[in-house]
Amino acid sequence: MPVLSYREAIRAALREELARDENVVVMGEEVAQFNGAYKVTEGLLKEFGPRRVVDTPISEAGFIGVGIGASMLGIRPVMELMFWSFSYVAFDQIVNNAGNIRYMSGGLINCPIVIRGPANGGTNVGATHSHTPEAILASHPGIKVVCPATPYDAKGLMKAAIRDNDPVYVMENTILYNDKGEVPDEDYIVPLGSADVKRVGADLTIVAHGRAVLTSLKAAEILEKEHGVSVEVVDLRSIRPLDEATVLASVRKTHRVLLVEENKPFCGVDAQLAYLIQAKAFDDLDAPIGRVSSIDAPQIYCKPLEDIQIPNPARVVEGALKVLA
Amino acid sequence: MAKPNALTHPESLKRPPGPSAYAKDPANARLSKADKIRLYTQMARIRHFEQRCIRTYQQGKIGGFLHLYVGQEAIAVGTLSVLGKDDHLITGYRDHGHALMVGMDMNSCMAELQGKATGCSKGKGGSMHYFAPDKNYWGGHGIVGGQAPLGAGIAYALKHKGLKGCCLTYMGDGAVNQGAVHEAYNLAALWDIPVIFVIENNGYSMGTSQERSTAHPGSLAQRAEGYGMDWDLVNGHDLYEVRAKTAAAVRRAHEKSRPTVLEIFTYRYFGHSMSDPDKTYRDKEEIKDYRENKDPIKLWEKALLEEGVLDAAKVAAINEAAMDEAEKAAAFADASPYPEPSAITQDIYWEEDNRGPKTTSRGTIIFGD
């Protein structure tokens, strides 16, 4: 099977969907001539031309609103945000318009738009460029949010998102863009709302999404080697819709849970998961649910401290041992 | 405030209302007698619908906001009457007039105000959120100026699909200071998008007059020059003028794929919404002057009487029929049921409402307690 980077996997999804459907349009700052701020869209302008791959001015509320308006008429815009942090200047369009129009029209209209781009800290760029808004956005009914952790999932989720008839917000991660993995050449999708057990284990379930999955997998190795603990790692892949069944099945098997995310703790994705697990699997738990998230402060610039602020394998191991105690 | 001049007011607003200089414009010369009567009927229907809404609101049957269109009828009727089959529209929250003009029926519009299941949005949108995509009408939007980029996007899609259409994108004078509007202007001009931004300038953004809200010495439309867009000023009390100048903008969109900003001068007779007591920011004399001397329906009626198209009996019959239609719509709304509680969680996601082997979503998407 071909090995692609996370970046190349997303690009492959965009290329295949651009070729498959004339209505797919890629739009965003620097996506065309510049080949993408993070080179995800490299070569697409050359292959598909300026009608399908469109550079926008720095004008997020404007161009995302244009994409939403176009999507109501059946265009399938894939909008790149250079950082999801920039979505905050387009919040009215992203939430009020894309998220509510179907409901307010009594189901007469739908917005098949994808908004994608990196949403992560850990890159030493300070608070304004390090937001992880998956929980904020997923808290709005009408919106879907996915966070791929691997090249395979990135391609499959992106293709599913583009074919989906609702607004889907894909949160990538700049630190993962160079990560490599096996990605099939053939057409496939990863359905939204399907979690994936990335490592099978017996003693503890770790639930994570995005880069926190990879951090958790590293922690699981350490836990096995140094502490003799068998850890199962469930990758949510999709925040909304949410694969409750896979999470609960793992909890019922291991009876202990650690939730790991790169979000800040207050009202994060894990707050919802902790509620879900205690409500539906209380009798299966042998210990209180544990949690490791980013330290609750605006993202710090200082690199050595930022590496502590975001969950790292050492913090995940420490959190796991508490749940196992 | 600067003295009215060519950059701030349409020529026709500088003198007392009289015969329209635009009656013989090609856009109007082609109107048959029946067409002219139909335009009158549409304006009368909007006015009587809105007046019936006031009663329903006062009866406590309409919750939330109710922004009335009374006084502004010639804009929706004039602008929309020149559109063709591939032309679309989107507007803000003062959206009833446009809805009736594109052919949404009074019953479903009235029922929506009461939150009934028979409403045009099944009771999920309310006054500010009417939609009729089958009639090229994309809402009905509650956030001031938020629809401007959407309108540019609709026109962008028409162009992408190779259709010769445009999108009329309406907003009030209060919207012109929103960032999203300026971003939409820039993109429309930059990308040659066939969109027409229509500023319905009724003089007040809620209770704040233009001179207290807008740092521009000329007209609101003149700001288009900063983006290299064409613009025009329109007397919104004169249906002939509204049609003529809109038709020119539509031609520009169709033939050159270029945007336009039209600023149409108008006046609302009631407060910003029903919750505005309308006592603090404008005086009664001003309202009286507009009602008596510049009312767009009265002026159109006068023109058609003078042209011999209408007579007093016909005027009475049209108004009676419109009143009757509004009355029946109110009765229909009263008699309609509220939606079932299960409706709360429907119409959120297309994929959920149509879930099957081909849909892309699994898992839980609507969450319980």
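These questions and answers go through a predicted model with chains A and B.

Trainee: How many residues does each chain bring to the contact between chain A and chain B?
Mentor: Contact here means heavy atoms within 4.5 Å. Both chains contribute residues on that count. Chain B gives 49 residues, and chain A gives 57 residues.

Trainee: Which three residues supply 17% of the area that chain A buries against chain B?
Mentor: The area buried between the two chains is about 4,400 Å². Carbon and sulfur atoms give 63% of that area. On the chain A side, no other three residues supply more than this trio. They are A:Leu73, A:Tyr103 and A:Met104.

Trainee: How many disulfides does the structure hold over all chains?
Mentor: A disulfide needs two cysteine sulfur atoms within 2.5 Å. Take A:Cys147: the closest cysteine sulfur, in A:Cys267, is 17 Å away, so a bond is ruled out. Over all chains the count is zero.

Trainee: Is A:Cys147 buried or exposed?
Mentor: The cut-off for buried is under 20% relative accessible area. A:Cys147 has 4% relative accessibility, so the class follows directly. A:Cys302, at 31%, counts as partly exposed. A:Cys147 is buried.

Trainee: What is the geometry of the aromatic pair A:Phe83 and A:Phe86?
Mentor: There are twelve aromatic pairs over all chains. In this one the ring centres are 5.2 Å apart, with 70 degrees between the planes. Planes over 60 degrees apart count as edge-to-face. The pair A:Phe83 and A:Phe86 is therefore edge-to-face.

Trainee: Which residues do ring pairs link into a cluster with A:Phe83?
Mentor: A:Phe83 itself is buried, at 12% relative accessibility. Ring pairs join this residue to a set of Phe and Tyr side chains in chain A. The other members are A:Tyr6, A:Tyr38, A:Phe86 and A:Tyr177.

Trainee: Which residues does A:Ser5 touch, not counting residues up to four places away in sequence?
Mentor: A:Ser5 lies in strand β1 (residues 3-5) of chain A. The residue is buried, with a relative accessible area of 5%. One of its contacts, A:Tyr177, also belongs to the aromatic cluster. The list is A:Pro151, A:Tyr177, A:Asn178, A:Asp179 and A:Lys180.

Trainee: How far from the ring centre of B:Tyr290 is the charged end of B:Lys294?
Mentor: Chain A has an arrangement of this kind: the charged end of A:Lys39 sits over the ring of A:Phe34, 4.5 Å from its centre. In chain B, the charged end of B:Lys294 sits over the ring of B:Tyr290. The distance there is 4.4 Å.

Trainee: What should helix α6 of chain B span, given 14 residues?
Mentor: The helix runs over residues 147-160, at 1.5 Å a residue. The expected span is 1.5 Å times one less than the number of residues. The end C-alpha atoms agree with that expectation, being 20 Å apart. The expected span is 20 Å.

Trainee: Why is α6(B) called largely enclosed by the rest of the structure?
Mentor: Count the buried residues of the helix. The helix has 14 residues, and the call follows because the buried ones number 13.

Trainee: Where is the cis peptide bond between B:Gly139 and B:Gly140 placed, going by B:Gly140?
Mentor: Omega of this bond is about 25 degrees. Chain A has a cis bond too, joining A:Arg240 and A:Pro241 with omega about 5 degrees. A:Pro241 lies in the loop between β12 (238-240) and α9 (244-254) of chain A. B:Gly140, by contrast, is found in strand β2 (residues 137-140) of chain B.

Trainee: What is phi of B:Asp347?
Mentor: B:Asp347 is found in the loop between α12 (312-335) and α13 (350-353) of chain B. At 7% relative accessibility, this residue counts as buried. Its phi is positive, in a residue other than glycine. The value is near 70 degrees.

Trainee: Is B:Ile46 buried or exposed?
Mentor: B:Ile46 is found in helix α2 (residues 33-58) of chain B. Its contacts beyond four places in sequence include B:Tyr69, B:Val77 and B:Leu100. Its relative accessible area is 1%, and under 20% is the cut-off. B:Ile46 is buried.

How values were computed:
Residues numbered from 1 in each chain as written. Chains lettered and ligands numbered in written order. Predicted model: local features only at pLDDT ≥ 70, side-chain atom pairs only at ≥ 80, totals over all residues. Heavy atoms only, no water. Helix = DSSP H or I, 4+ residues; strand = E, 2+ residues; numbered from the N terminus. Buried < 20%, exposed > 50% of the residue type's maximum accessible area, 1.4 Å probe, protein only. Phe/Tyr/Trp six-rings, centres within 6.5 Å; stacked < 30°, edge-to-face > 60°. Lys NZ or Arg CZ within 6 Å of the ring centre and 35° of its normal. Buried area = accessible area lost by both parts, 1.4 Å probe.
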